[in-house]
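Hi everyone, thanks for coming. I'd like to walk you through a structure that is probably new to most of you, so just follow along on the screen.

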Amino acid sequence: MSDESPIILEVNSEYEITQRLDIWLSQQMLELSRSHIQKLISQGNVKVNDQLCTSKKAIVHQGDKIILVIPPPIPLAIEANDIPLDILYEDDALLIINKPAGLVVHPAPGHSEGTLVNALLAHCDSLAGIGGVQRPGIVHRLDKDTTGAIMVAKTDHAYQHLQAQLQAKTARREYLGVVYGSPKTDSGIINLPIGRHRVDRKKMAVTPVERGGKIAVTHWEVKERLGNFSMILFRLETGRTHQIRVHSAQVGYPIVGDTIYGKGRSVGVNLTGQVLHAWRLELQHPVSGELVEAIAPLPEDFLTLVEVLRKRFGLS
């Protein structure tokens, strides 16, 4: 096995007794795909009860101790790309960008150029190694087609400080989105755990904690009712992958333009992606301790859709 620090897990639920090793591990390690898990097993990176196990079909039992080692990723050859950035805030420690739709945040195999990271390396040559080789400076992420404010750390100290704020829930992240439907109440909280979809591993889904789901909490408030649609302000208490999109769809109000979790029907406006925008970031500056607030102006698609809906339903 690799010399990297091992991850020690224990099978402690009766539900998990008859599961295959690769399935069980994929439910515990949501950031890893099942194919990646299977590769780790076959390459000798997993032990069951201190015995090397290379069979993905091995059955786990209640009380089993699973030891997983994840080798460091092979560094990508990341080149700086001169891509214009819409900068909302910048100093020696912190950078906040207004990300457009269609811009992938960090490189991945087969997609090594044209990302936000490539653009950041061209803008700031001190990012290398901060937060990892493949995600230098990236403190949190936004989906490819989600627009808005994303914070980037320029120093190791800033990176650790900002990460701690996210974990302690002191950094405030607010999104604006347009959803199908009109909620009966003006505000609420969605508290539903999220995990990897059991069939489509590229998707997330509401998943019980005992089956590998992680606690996910989204606060929401109706900002404007637009006939059969609504503009909603979302505030993240946790930051799970696709959290707002999954939660909104689960309670019956999917994000307009979301082809993965939404209804996918036309609304009469050409959209570049789901109508979800990271509107406001509020955080403590990692050096000065002062409050930093960044507001990302709504993109043209978003504004056009709202105006069309207002006219359609006689609201303007």
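I'll go from the overall layout down to single residues. One thing to keep in mind throughout: this is a predicted model.

Okay, the layout. The domain assignment splits the chain into domain 1, residues 7-68, and domain 2, residues 75-313. If you take the centres over the C-alpha atoms, the two domains sit 31 Å apart.

Let's look at a sheet next. Four strands make it up, in the order S1-S4-S2-S3, and the sheet is open, with antiparallel pairing. Which strands stand at the edges? They are S1, residues 7-10, and S3, residues 51-52; each has a single partner strand, so one side of each has no neighbour in the sheet. For those of you who don't think about sheets every day, strands in a sheet pair through backbone hydrogen bonds, and that can be parallel or antiparallel.

Let me zoom in on one of those pairings. Strand S2 covers residues 46-48, and it pairs with S3 in the antiparallel sense over two bridges. If you want to find that spot on your screen, look for Val 48, whose bridge partner in S3 is Gln 51.

While we're at low residue numbers, have a look at Trp 24. You'll find Trp 24 in helix H1, residues 21-28. Is this tryptophan buried or exposed? Trp 24 has 0% relative accessibility, so it counts as buried. Ile 37 is 13 residues further along the chain, and the C-alpha atoms of the two are separated by 9.8 Å.

Now a quick word on cysteines. How many disulfides does the structure hold? Zero. Two cysteines you may want to click on are Cys 53, buried at 11% relative accessibility, and Cys 124, also buried, with a relative accessible area of 10%.

On to a residue with an annotation. UniProt, in an unreviewed entry, puts the feature "active site" at Asp 143. And where is Asp 143? In the loop between helix H3, residues 116-123, and strand S7, residues 147-153. Despite that loop position, Asp 143 is buried, because its relative accessible area is 11% and the cut-off for buried is under 20%. Leaving out residues up to four places away in sequence, Asp 143 touches Lys 99, His 242, Arg 245 and Gln 274.

Hold on to Arg 245 for a second, as it takes us to helix H5. Six of the eight residues of H5 are buried, so the helix is largely enclosed by the rest of the structure. Which ones are buried? Gln 243, Ile 244, Arg 245, Val 246, His 247 and Ser 248.

Let's stay with Ser 248 in that list. H5 runs over residues 243-250, and Ser 248 is part of it. Its relative accessible area is 3%, so Ser 248 is buried. Beyond residues up to four places away in sequence, the contacts of Ser 248 are Phe 234, Tyr 253, Pro 254 and Ile 255. And just after H5 there's Gly 252, which takes a positive phi of about 95°.

Last stop: the aromatic rings. The structure holds two aromatic pairs. One is Tyr 180 with Phe 229, a tilted pair, 5.5 Å centre to centre with 40° between the planes. This pair links distant parts of the chain: Tyr 180 is in strand S8, residues 172-180, Phe 229 is in strand S13, residues 229-236, and they're 49 residues apart. Both partners are buried, Tyr 180 with a relative accessible area of 1% and Phe 229 with 6%.

Phe 229 also pairs with Phe 313, again tilted, at 6.4 Å centre to centre and 55° between the planes. Phe 229 is in S13 and Phe 313 is in the segment after helix H6, residues 300-312, so this pair ties together parts that are 84 residues apart in sequence. Phe 313 is partly exposed, with a relative accessible area of 30%. Put it together, and ring pairs link Tyr 180, Phe 229 and Phe 313 into a cluster.

That's my tour, so over to you for questions.

Notes. Residues numbered from 1 in each chain as written. Predicted model: local features only at pLDDT ≥ 70, side-chain atom pairs only at ≥ 80, totals over all residues. Heavy atoms only, no water. UniProt positions renumbered as here; feature names shortened; annotations may be inferred. Buried < 20%, exposed > 50% of the residue type's maximum accessible area, 1.4 Å probe, protein only. Contact = heavy atoms within 4.5 Å. Disulfide = S-S within 2.5 Å. Pairing = 2+ DSSP bridges. Domains from an automatic or database assignment. Phe/Tyr/Trp six-rings, centres within 6.5 Å; stacked < 30°, edge-to-face > 60°.
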